[in-house]
Structure formats: structure tokens, C-alpha cells
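Trainee: Please take a close look at the charged and aromatic side-chain pairs, and set them against the elements of the fold around them.

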Amino acid sequence: VTDTQQPTREERITQLLDLVLQLAQGNLDQRVTPSLIGDDIDSLATGLNMLAEELQASIEAERGTRAELEARVAERTKELEDRLATIAAQAATIRELSTPVLKVWKGVVVMPLVGVLDTRRAQQMTEQLLEAISREQAVVAIVDITGVSVMDTAVADHLIESVRAVRMLGAEAIMTGIGPVNAQTLVKLRVELGELSTAGTLEAALRKAMARIGAGPRPRKR
Amino acid sequence: MAEVTQPSPPTAETRTTVITLREPDFVHVLVKPGAELALEDARENNEVTNRLSEGRRILVLVDTRPARGVTREARTYFSNPDIRARTIAQALLIDSGPSRVMGNFFIGLNRPSFPVKLFTSEEKAVAWLRGFTK
């Protein structure tokens, strides 16, 4: 570089101002070439170049971090969605299995209940039972609660409501398998025995149902 | 890189510097006029310094006054763990020009974990470095 090619002081300051303007506009890859003079203007040029480098590196690092975070969030979200889908599918299966309705004879359906009966499950039980009665044109619906360990008053109340709903469909509900604890719960609700048909065992309930539909065992010929 | 064979002191020249082993634990690095140090230059200078000092821990005096610039990558490299482990202390000779800005950026932003100080006097810089081996 010869002296005649060196820019004037004013030109060098203009270059610095142009650089500042470019940096302010976000063009962080812009640089200025310091002269070989090594004066204050070159110091400023060097400082601005290094500042631009730092800003550029900082922004790129931030972008990288953000992209990494977004990718991780997307990955976790996908994992959670997959898990939720699995849980939902399992819950649906469990719901179906927890309140099965079996057609044991023409016009007779049985709903054996096992486990803890909460309000939600009791409501689901009612829906499935009514749907099965309607579908199978059942005349008798036996609800076997032998496997229900504990039932609170709200659930017992719901069961009674279910029995009433069964009657509304023109069918009869027989409840069987009522243990001592559940019997006391029903008593607390002051359920009239008249409105609740019961049987001591499932066998007794089936006999009662057969008698109701007139399909009892025929006497053997002698 | 062309190594200059001299009886004493051992000296090597890189694209951007002239490196001299003044004493077994003292290396002087002179940046060439108008040199702009990039990452490759930093690596080359480091390798040459290691070779001259034969892996010993050293005091380093860098005369940055003739330098025109140093990239961020090169500054980052100069504070890497290998150089930290090798360097007892480093003095940077600066003037009122761009070298002052470069030196302050290096200390302020790269924060090397070994002792580093800026000097305008070589005599004071050498005295400060010597204080680490007394």
C-alpha cells in the first residue's frame, strides 16, 4: 500500500460511520479494514470490527441454543403426545373391560362388576347397561356386585338411579352379590326394598330372570 | 513457516510472528507489522512455541504493537486449556493504537485463567513476568 493509495482522514471516518450504520441495521458481517497507520482511527476500526465479531458470535450462539431448545421441546412434546395417546387407548380398553355386559339368554343380560366402583365408573356402567338392554331387547338385567369391595353412598345412589332407568326401558333390574358392607350403605340411603329387586347369588338371580321371561328349566319326563 | 537456525537464542518464524526462546522458561513473541492473526495462525504460533520450549511451563511476552487485528476465533484459541496449562504468565506489550483495543478485548472477553497484563514498557513487562519465577 503506497501513501497515495491511503484514504484521507475524512474518508476513514466515513468508513467507520458507514460500518456503525451497517451494524445498527443488523449487518453484523460487515467489517472495515484498518490502515497501517496505527492511529486512533485504526484503534476504533479494530474495536468496531471486534465488537461486530462478538455480537455476531453471540447472536449465532443464541440462535443455536434456541434451535436446540425448540428441537428438545418438540421432541418432548411428541413423547408426551405418544404417551397420552397410549394412556387414552389403555383407559378406553380398561373402561370397556371394567363394565362388560354379557348376554346370557335371550332377553337376559348380566353385568358383573369387579373392583372399586366410583361415581365415574358407576355412570359409565349405567350407560353401558342401558345401551345393552336396548340393543339386546333385554327384559331382565342382572347387576352382580359380588366383586365390588367398597361402594360409597354416592355410588349406591347412582346404582339405584340406574335401576330406575332400567325400569324406564321396560326391563327389570336384579341386583346380586350385595355384601354386608354394601348392604349397610344401601340401607343408609333408605332404599325401599320394593323398588330394588335383589338375589343372594348370581345363580338365584339367573333363576329369577328365567322365571321372569318364562324360560325356566322344563320338568323332566318320567 | 521457515525456521531460522541460530546458535542462540532459538528462534522460529511463522506467517504472523517471530518467536524466540530467550531463556528456557521465557518466550518472546513479536507480531509482524500489519499482521492479522486468524485461528490457523494462532495454532501455528502455539505449536512453534511448544516446540521451542519443549513442553515446559513458560513466561510469555507478546509484542502486539505491530499487529493490525486478531479474530475472535484466534483470541478464543489463545485462552484454551492447553495454553492455560503451559503458561505461567503472559505480558502483552501494547501502544495507544489497535493493539490496546485487542489486548483489552482479550483480557475482558476471553478471560484467560492464567495471569495476563498489558504493558507499554517492555522493561516493566519483563520485570512483572520475572516475579512469577522468583
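Mentor: Helices (H or I, at least four residues) and strands (E, at least two) are DSSP runs, numbered from the N terminus. The model is predicted, so local features need pLDDT of at least 70 and side-chain atom pairs count only at pLDDT 80 or more, whereas totals for chains, interfaces and linings use all residues. Residues are numbered from 1 along each chain as its sequence is written, chains are lettered from A and ligands numbered from 1 in the order in which they are written, and side-chain values use heavy atoms, with hydrogens and water left out.

I begin with the charged pairs. Side chains of opposite charge can pair when their charged atoms come close. Over all chains, the structure holds 20 salt bridges (a side-chain nitrogen of Lys or Arg within 4 Å of a carboxyl oxygen of Asp or Glu). One of them joins Glu161(A) to Arg164(A), at 3.0 Å from N to O. Because these two residues are three apart in helix α4 (residues 153-168) of chain A, about one helical turn separates them. Glu161(A) is partly exposed, at 40% relative accessible area, and Arg164(A) is partly exposed at 36% (buried means under 20%, exposed over 50%, partly exposed in between, with a 1.4 Å probe and protein chains only).

In chain B, Arg130(B) and Glu23(B) form a salt bridge of 2.7 Å, N to O. This pair links distant parts of the chain, since Arg130(B) belongs to helix α5 (residues 122-130) and Glu23(B) to strand β3 (residues 17-23) of chain B, 107 residues apart. Glu23(B) has a relative accessible area of 38% and is partly exposed. Elsewhere, shared partners join the salt bridges of Lys103(A), Glu131(A), Arg135(A) and Glu136(A) into one network. Within that network, Glu136(A) meets Arg135(A) with the closest N and O atoms 3.4 Å apart; Glu136(A) is partly exposed, at 27%.

The sheet of chain A comes next. It is open, has mixed pairing, and is built of five strands in the order β1-β2-β3-β4-β5 (two strands pair if DSSP finds at least two bridges between them). At the edges stand β1 (102-105) and β5 (197-199) of chain A, each with a single partner strand, so one side of each has no neighbour in the sheet. On average, and with direction ignored, neighbouring strands of this sheet are turned by 30° against each other (axes are lines fitted to C-alpha atoms, for helices over the stretch in contact, and angles run from 0 to 180 degrees between N-to-C directions). Strands β3 (residues 140-148) and β4 (residues 172-176) of chain A run parallel and are joined by five bridges; Ile142(A) has Ile174(A) in β4(A) as its bridge partner.

Two helices of chain A meet this sheet. Helix α3 (residues 119-136) lies across β1, β2 (108-115) and β3 of chain A, at about 165° to β2(A). Helix α6 (residues 202-213) of chain A packs on the sheet, touching β1, β2, β3, β4 and β5 of chain A, with a direction about 175° from that of β3(A) (contact means heavy atoms within 4.5 Å).

Now to the aromatic pairs, of which the structure holds three over all chains (ring centres of Phe, Tyr and Trp, the last by its six-membered ring, lie within 6.5 Å; planes under 30 degrees apart count as stacked, over 60 as edge-to-face and the rest as tilted). Tyr77(B) and Phe78(B) have ring centres 6.5 Å apart and planes at 70°, so they are edge-to-face. Tyr77(B) is buried at 18%, whereas Phe78(B) is partly exposed at 22%. The pair of Trp128(B) and Phe132(B) is also edge-to-face, because the planes stand at 80°, with the centres 4.9 Å apart. Trp128(B) is partly exposed at 21% relative accessibility, and Phe132(B) is partly exposed at 34%. Together with Phe119(B), Trp128(B) and Phe132(B) form one aromatic cluster.

These rings sit in a chain of five helices and nine strands. Of the 134 residues in chain B, 49% are buried. Among its contacts between residues at least 6 apart in sequence, 73% join residues at least 24 apart. Two loop residues of chain B also deserve mention. Glu54(B), although not a glycine, has a positive phi of about 55°; Glu54(B) lies between α1 (39-53) and β6 (58-63) of chain B, exposed at 62%. Arg111(B), also not a glycine, has a positive phi near 45°; Arg111(B) is in the loop between α4 (98-110) and β9 (116-119) of chain B, exposed at 63%.
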